[in-house]
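Trainee: Could you take me through one part of this model with care, namely the salt bridges and what surrounds them? I would like a connected account rather than a list.

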Amino acid sequence: DPLADKLMLLACFLVLTLQGLFPMWLLVLILARDLLIVAGATAYHFLVRPVDAAPSAVSKVNTFLQIALVLWVLLDLAWLRLPGQGLTVLVYLVAATTLASGIHYVWRWSILALRGGANGESP
């Protein structure tokens, strides 16, 4: 269930951020993107046409990197001492793909909404 997976991932980010293991700005960015997508999908659904909820390629990369980041921190806490540079790189990769994914959805849904959801295309 994709919704349950997303909620579990958000819960991981929330707890790890509250523990001081992730920067607060990253949690805010992730939550803002997810709220933007939910609000956009809801508006598109009711104002244009039903939404095909298939994730974009950039969104799939973002989810993969989010999972990798959580796993990196958990492995580091459990028993491995992983290089701190890897954590920093993953944090910024997650931030970049979170921004790219959010921008992509806004752009895609905006174009389709302006076209009136023409040609049976989905966001």
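Mentor: Asp34 and Lys6 are both buried, and their side chains meet in a salt bridge with an N to O distance of 3.6 Å. Please keep in mind throughout that this is a predicted model. The pair links distant parts of the chain, since Lys6 lies in helix H1 (residues 2-18) and Asp34 lies in helix H2, 28 residues apart. In general, side chains of opposite charge can pair when their charged atoms come close.

The structure holds two salt bridges, and Asp34 takes part in the other one as well, where its side chain meets that of Arg33 at 2.7 Å, N to O. Salt bridges that share partners thus join Lys6, Arg33 and Asp34 into one network. As for burial, the cut-off is under 20% relative accessible area, so Asp34, at 11% relative accessibility, counts as buried, and Arg33, at 6%, counts as buried because its value also falls under that cut-off.

Two members of this network also appear at the largest pocket, which has a volume of about 980 Å³. Of the 30 residues that line this pocket, the closest to its centre are Pro2, Leu3, Lys6, Asp34 and Ile37. The elements that give two or more residues to the lining are H1, H2, H3 and H4, and the largest share, nine residues, comes from H1. By residue class, the lining of the largest pocket divides into 21 nonpolar, two polar and seven charged residues.

Helix H4, one of the elements that contribute to this lining, deserves a closer look in its own right. H4 covers residues 84-114, and at 1.5 Å a residue its 31 residues should span 45 Å, which agrees with its end C-alpha atoms being 45 Å apart. The buried residues of H4 include Gly86, Leu90, Val91, Val94 and Ala95, and, further along the helix, Tyr105, Trp109 and Leu112. Among the elements that cover the buried residues of H4 are helix H2 (24-47) and helix H3 (57-78), and H2 is also the helix that holds Asp34. After H4 comes Gly116, whose phi is positive, near 75°.

To return to your request, the salt bridges join Lys6, Arg33 and Asp34 into one network, and both Lys6 and Asp34 are among the residues closest to the centre of the largest pocket.

How values were computed
Residues numbered from 1 in each chain as written. Predicted model: local features only at pLDDT ≥ 70, side-chain atom pairs only at ≥ 80, totals over all residues. Heavy atoms only, no water. Helix = DSSP H or I, 4+ residues; strand = E, 2+ residues; numbered from the N terminus. Expected span 1.5 Å × (residues − 1). Buried < 20%, exposed > 50% of the residue type's maximum accessible area, 1.4 Å probe, protein only. Contact = heavy atoms within 4.5 Å. Salt bridge = Lys/Arg side-chain N within 4 Å of Asp/Glu carboxyl O. 1 Å grid on protein atoms, 1.4 Å probe; cavity = no way out; pocket = protein on both sides within 12 Å on 5 of 7 lines; lining within 4 Å. Points joined across faces, edges and corners; volume = space filled by probe spheres on them. Nonpolar A, V, L, I, M, F, W, Y, C, P; charged D, E, K, R; others polar.
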